[in-house]
Amino acid sequence: MTSYKPTLEQEAVIHHPRGKHARVLAVAGSGKTTTMVHRVEQLVLRQNVNPNSIQVLMFNRLARKQFSEKLTEIGIPQEFQPPVHTFHSFAYQVIGDAVTSGLLPGLMDVWVDDKSELVRQYIHRAVRNLLDRGAIFGEPDIDAVMEAIQLWKSSLIPPLPDRAGYRGNNDIPKVYEEFEKLRVTRNGLTYDDFVPLAIGILEQEEPARRRWCGSLDYVIVDEYQDVNYGQQRLVELLAGKRADVMVVGDDDQTIYEWRGARPNYILSEFERVFDNQPHVSYTLSRSFRFGPVIAQCAHNVIAFNRNRLPKSLVAHNAGKAAAVRLTINDSEQSTDANKELAQMVVALVREIGDPRSIIVLGRMFAQLAGLEAEFLARRIPYRVLGRAPFFERREICVLLDYLRVAADLDQPMSQRMASSLLSIANVPNRKLNKEMLRKGTETGINHHMSARQVLRWLIEDVATTLSRPQREQARMLKDVIDRLNERMTTEQHLLAGDLLLWLVELLDLPKHYDNYYGQGEHSEERKKTVRFFCGFAFDTGLQAVQFLHYVEKLDTTLGQPEDKQIVMTTVF
């Protein structure tokens, strides 16, 4: 058992009175997990509360594991420890119980962990089914589809035309509907289905509702600022009108809005929904994580947020060392800030000697592209977590594929050329039938045709099933590639950067991304990456074909092991 001396703020939370709900606003590093663990200790060891009448819900598996370990660490015997679950593990328990009791069919195929790739495979199959039926004409971005489905399911939105909407692309809701038909037929269960399915069981099945709902005395929820509608509804069902609910989180740390999280749940909805008894609000304002410089800077920035509850952020250890250095790019050379940041990283590696102790964070992946280029130029090994390096991202691969097709326009069709042609066919969206395009490239390979001849066959041959508008779109695609090929072969000193800028303007790619993703973060990130890449190409001083060879040889790791690489990712 460890000695623990709580702060006065923590003490108040630990001794929160029975018969009242509680909201605990805990700033970063304020010891909220330790406080919650001692709250459990107070209930089960001091007040003799039955641990099985307490349900603790954590945000992820790591938090769940750490919480359980701390319960043991402070001396709570195993038999006195309440059940600790993530939202998904609790939901899965409800589902398993429903299968055992015959409320659900058995032999469900759970598409998680090693089987999670089945989700992507069945989304691809859904897209292909829709293309074959002519329900859609272009293949949507699979990552965008997966993100949309995750958001719809976390918000309990079914795959119905009047419920699931996607601004700027009406095809993605159709993919959702088709995917769900395939999933249900296959008896598949994705990670994102756990909570919605459990809620459906609890709302519709009386035996399950009697077993799980309204029988608890206490519900404790961690990271409440990041709950989505589905998770909020699950808490409501569990608590019923009986349980004292304590939610712990910080509206200033809501970072999962892309998956349906809303700070309003902790700001106002909690008190509105759980209105059956009085509420008490607590604040844990002292951070043990950093010194006063970082604490004050963080407070100064977050105070500008409009949708928040004012709260102090105080460093518990006033003598803890910390430093913040601002590098402001106010010059005409946009690369200056990246050069300075790269030099800082080099200096830190020399000083500390361990690249693993350094991490580079950006708000969006697109903002890291310039620094990536600087690292490549300085031969600093790095890797990007959560996304491919800037030169391997989809929007960049499309530009490179345009150059590849144009460069080898009159060479015999190969599998790589076929892949490049399919890659560019619907960027921007020309609504060309992907299956017909595949048939065209296969015909080209089998008959040793060039890409130019394949495009001409698609436009002119009566054997193709392209409609008149699609033939016109295919003709426009061919015109773009012909013009690219002409410039690459006749303008001897044309740089890849200038050619790419011209191509981006010719295709009006910014408008394409706005139409496809809606005018927001997803579109802006791709536009920024494209703009940067054109500048990157220009800075190499290479012509198009030379530039293609150069990009193919880029290696961010320089062959170094992971412990010698600088990690880059976003704050999310």
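**Close-up 1. Valine 110 sits in strand β4, which covers residues 109-111.** Welcome to the first view of this predicted model. Follow the chain 78 residues from valine 110 and you arrive at glycine 188, yet the C-alpha atoms of these two residues are separated by just 5.8 Å. Leaving aside residues up to four places away in sequence, valine 110 touches Tyr92, Lys115, Leu189 and Phe194.

**Close-up 2. Histidine 38 has its place in helix α2, residues 32-46.** Is this side chain's residue buried or exposed? Histidine 38 counts as buried because its relative accessibility is 9%, under the 20% cut-off. Its side chain also has a polar partner: a contact of 3.0 Å joins histidine 38 to the side chain of glutamate 41. An α-helix has 3.6 residues a turn, so residues three or four places apart point the same way. Look further along the sequence, beyond four places in either direction, and you will find histidine 38 touching Tyr4, Ile14 and Ile74.

**Close-up 3. Helix α15, residues 394-407, is mostly covered.** Of its 14 residues, 11 are buried. Among them are the hydrophobic-looking names one might expect to scan for, including Ile396, Val398, Leu399, Leu400, Leu403, Val405 and Ala406. Glu395, Asp401, Tyr402 and Arg404 are on the buried list of α15 too. How far apart are the end C-alpha atoms of this helix? They are 20 Å apart, and this agrees with the expected span, because 14 residues at 1.5 Å a residue should also give 20 Å.

Definitions and conventions. Residues are numbered from 1 along each chain as its sequence is written. This is a predicted model: local features need pLDDT of at least 70, side-chain atom pairs count only at pLDDT 80 or more; totals for chains, interfaces and linings use all residues. Side-chain values use heavy atoms; hydrogens and water are left out. Helices (H or I, at least four residues) and strands (E, at least two) are DSSP runs, numbered from the N terminus. Buried means under 20% relative accessible area, exposed over 50%, partly exposed in between (1.4 Å probe, protein chains only). A polar contact is a pair of N or O atoms within 3.5 Å; within protein, one must be able to donate a hydrogen and the other to accept it, and residues adjacent in sequence count only if both atoms are side-chain atoms. Contact means heavy atoms within 4.5 Å. The expected span of a helix is 1.5 Å times one less than its number of residues.
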